[in-house]
Amino acid sequence: MEITSFVLGMLTIVAIIIITAIVVGIVKITQLKTKTKSLEELCAAIERDLRHELDNVYNNMSRNDEEIRRIIEDTNRDITMVERTLLSQIDENRKYIDSRIDKTLTNNKQILKG
């Protein structure tokens, strides 16, 4: 009887230890699931924020690119306008000089004839 009681006591203690280990394991698994879920949500939020920031950077770069292109086009237009004005002034000066030379030559011919 004593051996039977001893064996039953030992089996009860082993059973309690096994049940305790199972309960502790289940609690830890539950905690790990909770932490994993939190980390997944955090990763998703970080990914969402990163995509949002990348979209903002892309949009800013696109706006800056468009503004630079507009400035370049405006500058080219201004340069073309200045070039045309200069060419026009050069042409007018050339005509004026030609007319003065022609007038001088005409006056010199009249002086020589006359």
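This report walks through the fold, surface, charges and a few individual residues of a predicted model.

## About the model

Because the structure is predicted, local features are described where pLDDT is at least 70 and side-chain atom pairs where pLDDT is 80 or more, while totals for chains, interfaces and linings use all residues. Residues are numbered from 1 along each chain as its sequence is written, and side-chain values rest on heavy atoms, with hydrogens and water left out.

## Overall shape

Let's start with the fold. The protein chain has one helix and zero strands, where helices (H or I, at least four residues) and strands (E, at least two) are DSSP runs numbered from the N terminus. The radius of gyration is 48 Å, well over the 13 Å that the globule rule gives for 114 residues, so the chain is more spread out than a compact globule. That radius is taken over C-alpha atoms, and the globule rule is 2.2 Å times the number of residues to the power 0.38.

The C-alpha atoms fill a box of roughly 165 × 15 × 5 Å along the principal axes. Two pairs of residues give a feel for distances along the chain. Asn107 and Ile29 are 78 residues apart in the chain, and their C-alpha atoms are separated by 115 Å. For Phe6 and Cys43, 37 residues apart, the C-alpha separation is 54 Å.

## Surface

How much of the protein chain counts as buried? The share is 0% of the 114 residues, with buried meaning under 20% relative accessible area, exposed over 50% and partly exposed in between (1.4 Å probe, protein chains only). The accessible surface comes to about 10900 Å², of which 64% belongs to carbon and sulfur atoms. These areas come from the Shrake-Rupley method with a 1.4 Å probe, and for residues only the protein chains shown count as cover.

A nonpolar surface patch is formed by Ile3, Phe6, Val7, Leu8, Met10, Leu11, Ile13 and Ile17, which together have about 810 Å² of accessible area. Patches are made of residues with over 30% relative accessible area and no salt bridge; like charges are joined within 9 Å and nonpolar side chains (Val, Leu, Ile, Met, Phe, Trp, Tyr) within 5 Å. Two patch members are worth a closer look: Phe6 lies in helix 1 and is exposed at 54% relative accessibility, whereas Met10, also placed in helix 1, is partly exposed at 39%. Further along, Asn107 is found in helix 1 too, and its 36% relative accessibility makes it partly exposed.

## Charges and salt bridges

The chain carries 17 positive and 18 negative side chains, and the centres of the two sets lie 7 Å apart. Lys and Arg count as positive and Asp and Glu as negative, leaving out His and the chain ends; each charge is placed at NZ of Lys, CZ of Arg, CG of Asp or CD of Glu. Side chains of opposite charge can pair when their charged atoms come close. The whole structure has five salt bridges, each being a side-chain nitrogen of Lys or Arg within 4 Å of a carboxyl oxygen of Asp or Glu.

One of them joins Arg51 and Glu47 at 3.0 Å, N to O. Both residues lie in helix 1 (residues 2-113), four residues apart, about one turn of the helix. Arg51 is exposed at 52% relative accessible area, and Glu47 is partly exposed at 41%. Arg69 and Asp65 meet in a salt bridge at 3.1 Å, N to O, and these two are likewise four residues apart in helix 1, about one turn; Asp65 is partly exposed at 35%.

Which residue meets Lys95 in a salt bridge? The partner is Asp91, at 3.6 Å, N to O. Lys95 and Asp91 are separated by about one helical turn because they stand four residues apart in helix 1. Lys95 is exposed at 55% relative accessible area, while Asp91 is partly exposed at 35%. Elsewhere, Arg70, Asp74 and Arg77 are joined into one network by salt bridges that share partners.
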